[in-house]
Amino acid sequence: MTQPDVDPMDLLTPQEVAQAFRVDPKTVRLWAQEGRLRWVRTLGGHCRYFKSDVQRLLTEPGR
């Protein structure tokens, strides 16, 4: 998924997301594949995740 008009300040690295949930970065990748997290690819080819999705999942009841 690529979205060139995304503000880099609204994105998190896989490691940052993993730390927020206290999971392995591989789990974050699986969540993205399942559609739970939206992602974009940087010009350097790295995945970044939307802060808004992470915040939504963190505040979801039953988490």
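A residue counts as buried when its relative accessible area is under 20%. By that cut-off Trp31, with a relative accessible area of 13%, is buried. This briefing concerns a predicted model. Its topics are the packing of helix H1 with helix H2, the aromatic pair, two arginines placed over rings, and selected residues in helices and loops.

**Packing of helices H1 and H2**

- Two packed helices are described by the angle between their axes and the distance between the axes.
- Helix H1 covers residues 14–21 and helix H2 covers residues 25–34; their axes come within 8 Å and cross at roughly 100 degrees.
- An angle of 65 to 115 degrees counts as roughly perpendicular, and H1 and H2 are therefore roughly perpendicular to each other.
- On the H1 side, the contact is made by Pro14, Val17, Ala18 and Phe21; on the H2 side, it is made by Pro25, Val28 and Trp31.
- By class, this contact of H1 with H2 comprises 7 nonpolar residues, with no polar and no charged residues.

**The aromatic pair**

- A pair of aromatic rings is described by the distance of the centres and the angle of the planes.
- The structure holds 1 aromatic pair.
- Its members are Phe21 and Trp31, whose ring centres are 5.0 Å apart and whose planes stand at 85 degrees, so the pair is edge-to-face.
- Phe21 belongs to helix H1 and Trp31 to helix H2, so that the pair links distant parts of the chain, 10 residues apart.
- Phe21 has a relative accessibility of 9% and therefore counts as buried.

**Arginines over aromatic rings**

- The charged end of Arg36 sits over the ring of Trp31, at 4.9 Å from the ring centre.
- The ring of Phe50 has the charged end of Arg38 over it, at 4.1 Å from the ring centre.

**Arg22, between the two helices**

- Most residues other than glycine have a negative phi.
- Arg22 has a positive phi, near 60 degrees, although it is a residue other than glycine.
- Arg22 is placed in the loop between H1 and H2.
- With a relative accessibility of 79%, Arg22 counts as exposed.

**Ala20 and Ala32, within the helices**

- Ala20 lies in helix H1 and, at 37% relative accessibility, counts as partly exposed.
- Although Ala20 and Val54 are 34 residues apart along the chain, their C-alpha atoms are separated by 8.2 Å.
- Ala32 lies in helix H2 and counts as buried, at 11% relative accessibility.
- Leaving aside residues up to four places away in sequence, Ala32 touches Leu37, Trp39 and Tyr49.
- Of these partners, Tyr49 is 17 residues from Ala32 in sequence, with a C-alpha to C-alpha distance of 8.5 Å.

**Gly45, between two strands**

- Gly45 is located in the loop between strand E2, residues 39–41, and strand E3, residues 47–50.
- At 34% relative accessibility, Gly45 counts as partly exposed.
- Gly45 and Gly62 are 17 residues apart along the chain, and 34 Å separates their C-alpha atoms.

Technical notes
Residues numbered from 1 in each chain as written. Predicted model: local features only at pLDDT ≥ 70, side-chain atom pairs only at ≥ 80, totals over all residues. Heavy atoms only, no water. Axes fitted to C-alpha atoms, helices over the stretch in contact; angles between N-to-C directions. Helix = DSSP H or I, 4+ residues; strand = E, 2+ residues; numbered from the N terminus. Parallel < 35°, antiparallel > 145°, perpendicular 65-115°, else oblique. Contact = heavy atoms within 4.5 Å. Nonpolar A, V, L, I, M, F, W, Y, C, P; charged D, E, K, R; others polar. Phe/Tyr/Trp six-rings, centres within 6.5 Å; stacked < 30°, edge-to-face > 60°. Buried < 20%, exposed > 50% of the residue type's maximum accessible area, 1.4 Å probe, protein only. Lys NZ or Arg CZ within 6 Å of the ring centre and 35° of its normal.
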